[in-house]
Structure formats: structure tokens, C-alpha cells
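This briefing looks at salt bridges and at one helix packing. Please read it alongside the sequence and the structure shown here.

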Amino acid sequence: MSRPRAIALLERTHDEVFARYGGRDISVDTFLAHVTALSARLPPESHIFNLLRDRYEFTVAFAAIVAAGKCNVLPSSPRPAALARLAEQLPAAAAIHDGHKPFSGMTALAFPRLASAGRSDGIPEIDEHQVAALTFTSGSSGTAMPVRKRLRTLRGAAAIYEDALLPKGSSIIATVPAQHMYGLELGSLQAFWSPVRFSAGKPLFPADVHAELAGMSGDRVLVTTPLHLRALLESGLSFPDLSRVLCATAPLDRALAQRAEAVLKAPILDVYGCSEAGCLATRHAARTDEWTPLPGFEFFDEPPGHVVRKEPTGIPRTLVNASHLDEAVPLGDRLMLSQSGQFHLAGRLGDMINVAGKRGSLGEITHLIMEVPGVEDAAALLPESASDTQRPAALYVGNADAEFIRRRLREVLDPVFIPRPILRVDALPRTATSKLPREALLDCFARHLKRP
Amino acid sequence: MTSKSTAEHQLAELIVEVLNLEDTTADEIGAEEPLFGDGLGLDSIDALELAMAISKAHGVQLKADDDSTRAAFENIRTLSAYIQQEASAA
């Protein structure tokens, strides 16, 4: 690690537009005044769960937390029991929320009403190594693994994205939450270090996206996912002019990309990334399957003998590194690297799954089912399906009721990972060595599904 | 469980089909059972899938930032009434 250096939390001119919030443009100066006002009210704890859903309020809190030398905690699921589990891993945690209180026993600050103008402390200078945020990735060990985001990493990424993803002057509208790495970097933090503006809303339905786009002027860039994109096309609505669409969290299929370009009359850029390292590569999905790394990122296969984390299948992992990262990051996907530096994706490694853009682990779901009283054995699986929002399913052995298991899982698990269905079986098809071959598991699932 | 009208039953069938609720049948979903949270346990991805199916079947565009739609998503009865009202207004 290099010698500590202070960097500006914001590299923007004071009168530039920073965001669109509550139907009006917010200048950099107004944003700084809001940050100063909130800083004075933050709870004393070192780690603050930033649960705000409005992207502008989230960003005000994010900056105030960093400026106070504290760390943002960004859970992928705001469920109370999930937060309680994460809080156990942290030294001292409080929360800032917008009405949905986290859980009893945790200090919680409701986001205050923002004054239209006020005094500002100016742009804070922050140690570049300060951990600005903790995000979480699903490990196969059964617990969510924290990923530390240092300020220098976030700032380094923004410089790369300015050239490759979000040109200067972009007006950003995002359908993904700010607590998700992709939504955090492209939907909010890009405005810290690049002259872009973002819209505060998080539109869900196509009619909401339409309204949010119509409220933004300039070079509109939509930051979205394949699921939202498909919904936009199926709505039959006609949308305001877009300069480009960035689509991430799950690979976009070519037919959908081509249809989207025809309807939205804008280039659709598919973005590949992970929560540990951010956005890493792009492709013009309507024309090619091949991914091109963003400038500054180097991809390499794990050299034999230097295995960081061995896969049970024996497939070598691909790692990615860049000067703004602390260390090389092993990727959860199989990458086929070519001589030119480009690559193809060839599936997920191990037990990782992707449900409508959210990444999780079958091992984690299995682990949580096993914790339910009355469950003796269990296995989560991903059934074969044509649907692009394929959900996990689960088999279990024991006298627990499936509805009871479902209720217990809801307390801790992001709803998209709750198995559908959860089926009771007499025994799982374990081998003599207690392993569960995937084929046998899928077979067992199919047999029980057909039973009336 | 209160009995469902024909339109409500059709909506329950649409939900089961679109959301692949393989362990639930349309008959098992009560007209006033909450769709989200502790009832059927649907999530925002389900809401989006359902909105797509509803716009295809009835030509109605749902909006999440609109209070009347948020209330409409409460249960089958409210959602069915909302769809009929919007479809006849169009």
C-alpha cells in the first residue's frame, strides 16, 4: 500500500448540476450544504447501514458518512434478520433509513427533511485509503462476505467509466438500487468525480421509467438490467430520446439487444462486472458475444501452483487486476481469454447462481435451510428452464413444514433467492461418500415435482 | 377464505402461470391474501413480471410511484378491480 494521500471527495465545479431530486436540479453547492447538514446529525457508530432508497438521499448520506470518517454498509437485502446478522460481524453499527426501520436494538436515524439552502463546509479531503463502503457478495461458505471499497478504488473506477461508459455531460437514470455495486458506481458515485448528473428515482415499471426519463434533459443514459429492458420493450410505450443504454447484472441475449436498439434507437452496451471489482468489460450485445476489457483492467488465468481458491471441478480461475484495486480479484465466472485480450463467458463457477441479475450461492441457501429446526438434510438447486428469471428450488428431508421453512428463509434471505418450490423428500440422492451429484439431484427434483 | 369472482380467479391463474408458483394453485390463493410480504411472498421481480403480463393481457400500464397502484398491489381483489377500472377508462 502506498503512502496515505488525501483526495477530494468531490471534483466538481460549484454551480454545476449534480442531481435531479424532487422535480428540480440540485447544484454541487446545494449537495454540499445537504451533506454538511446531515453530517452534524449522524449517529456516533463507525459503521452506518445506508438503507435509503431515493438515490439522491442515499448519495447525501453516503458522502456525509465518508466525510465523518465512517463507513457505509450496503446490504443487498434490507430484511431485518439479514441486517442483524451483518451487524454481528461489525464493530459498531447504526442505520439511516427512510421509514423502514432496520430492527429493534439498532440505533436508527430517519433521513431528515432537506433545507433548500444552507451553509456548507466545502469539499472534504479524505484519506484515499479510507474504506468508504462495505458491499456484500454471496460466498459459498454460507455467509455474506464483506467487500471493502476504498475511496481510491471508487475514484479510480470513475475515471475509467468516464471514458468507457458514462461520457461527460451524461444525464443518468438508473433502475437498479444504489446499494448494489453497479447502481452505486454508475447511478450515483460517478457524479463525485465526473461532470454528469443523476436522477434520484429508482423506477420499476416501464411507465415509471418513462416518467423518470422525461424528467431529465440532456444526454440521457439509462442504467438498467436485462429484465427491466425486456419489460420496457414489452410495454409498447415510446420513450424519450436516449444517447445510450448500459445493461448489466446478467448477460443480455443478442435478440433482446437487437430489438432494444430498434425500439429505443440507441446503442445498448452490455456491461460485465462483479461486486469485488466493479464494471470490468463491455460488449455491443446486438453485434458480438465477445467482451472487451475496460482500459486499465488485466485478466489472467491462475497460474498452476499458485491456486488462490481451488474449484472442486479443477477448472482454473480467472483473476482480474487494476492499479486502483487492492489486489487481484478471482472471478465467479468461467472466462475464455483470447490472445487479443478479449474474452467469452462460459458459465458460472461452482454453485453461484444469478436470479434476474442478483447473484447468490446455492450453498448459502442450503446452509440456511439446514438451520431450520426439523430439517435433517437439504439441497438447493437450479432447475433447467427456458425462463430468464429462473429461480432456485429446494429439496429437504425432515418433519418441518415447507411453509415454515419458507417463512424462516424470508427473514434472512433476499426474496428472489427463496426457493420455488420447496419440496419434502424421503431422502436426497447422496452417493456413498455423501456427495450430491447435480444430475441425480435434478432427477430427484423432477420426479417429485410431477407427483400430484 | 372468501370466494373469488371469475376475473379474480383468472388473475390468480395468471399469477401462478407467470411466476411459476409450482407449489401453489390458483384455488389456493385467497382473494384477500397479501401478494407481497407474509402472504404469497412476491418480490419486485415478480411485480415486474406481473406488470408485463397484465399490460399484455389487459393493455394496462402499472406505475409504482403512484399511490393508487401501490394500493392495488395489496391483493388479488384490489389488483383485479384496478385492472378493470383502468381498462375501461382507456
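How many residues apart are Arg447(A) and Asp443(A) in helix α11 of chain A? They are 4 residues apart, so about one helical turn separates them. The model is predicted. Over all chains, the structure holds 22 salt bridges, and three of them are described below, followed by the contact of two helices.

**A salt bridge within one helix**

- Arg447(A) and Asp443(A) form a salt bridge, with 3.5 Å between the closest N and O atoms.
- The helix that holds both residues, α11 of chain A, covers residues 438-450.
- Asp443(A) has a relative accessible area of 47%, so Asp443(A) counts as partly exposed.

**A salt bridge between distant parts of chain A**

- Arg150(A) pairs with Asp326(A) in a salt bridge whose closest N and O atoms are 2.7 Å apart.
- The pair links distant parts of the chain, with the two positions 176 residues apart in numbering.
- Arg150(A) belongs to strand β10 (residues 144-150), whereas Asp326(A) sits in the loop between β19 (318-321) and β20 (329-330).
- Arg150(A) is buried because its relative accessible area, 9%, falls under 20%.
- Asp326(A), in contrast, is partly exposed at 44%.

**A salt bridge between chains**

- Glu49(B) forms a salt bridge with Arg230(A), and the closest N and O atoms are 3.4 Å apart.
- Glu49(B) is in helix α2 (residues 44-58) of chain B and Arg230(A) is in helix α7 (residues 226-235) of chain A, which means that the pair joins two chains.
- Both Glu49(B) and Arg230(A) are buried.
- The two residues are also part of a network of salt bridges that links Arg230(A), Glu234(A), Glu49(B) and Lys56(B).

**The packing of α7(A) against α8(A)**

- Helix α8 of chain A spans residues 254-264, and its axis comes within 10 Å of the axis of α7(A), the two crossing at roughly 50 degrees.
- Because of that angle, α7(A) is oblique to α8(A).
- The crossing of the two helices is left-handed.
- On the α7(A) side, the contact is made by Pro226(A), Leu229(A), Arg230(A) and Leu233(A).
- On the α8(A) side, the residues in contact are Leu256(A), Arg259(A), Ala260(A), Val263(A) and Leu264(A).
- Sorted by class, the contact of α7(A) with α8(A) has 7 nonpolar and 2 charged residues, and no polar ones.
- Arg230(A) thus appears in two settings: in the contact with α8(A) and in the salt bridge with Glu49(B).

Conventions:
Residues numbered from 1 in each chain as written. Chains lettered and ligands numbered in written order. Predicted model: local features only at pLDDT ≥ 70, side-chain atom pairs only at ≥ 80, totals over all residues. Heavy atoms only, no water. Salt bridge = Lys/Arg side-chain N within 4 Å of Asp/Glu carboxyl O. Buried < 20%, exposed > 50% of the residue type's maximum accessible area, 1.4 Å probe, protein only. Axes fitted to C-alpha atoms, helices over the stretch in contact; angles between N-to-C directions. Parallel < 35°, antiparallel > 145°, perpendicular 65-115°, else oblique. Left-handed = near helix turned anticlockwise from the far one by under 90°. Contact = heavy atoms within 4.5 Å. Nonpolar A, V, L, I, M, F, W, Y, C, P; charged D, E, K, R; others polar.
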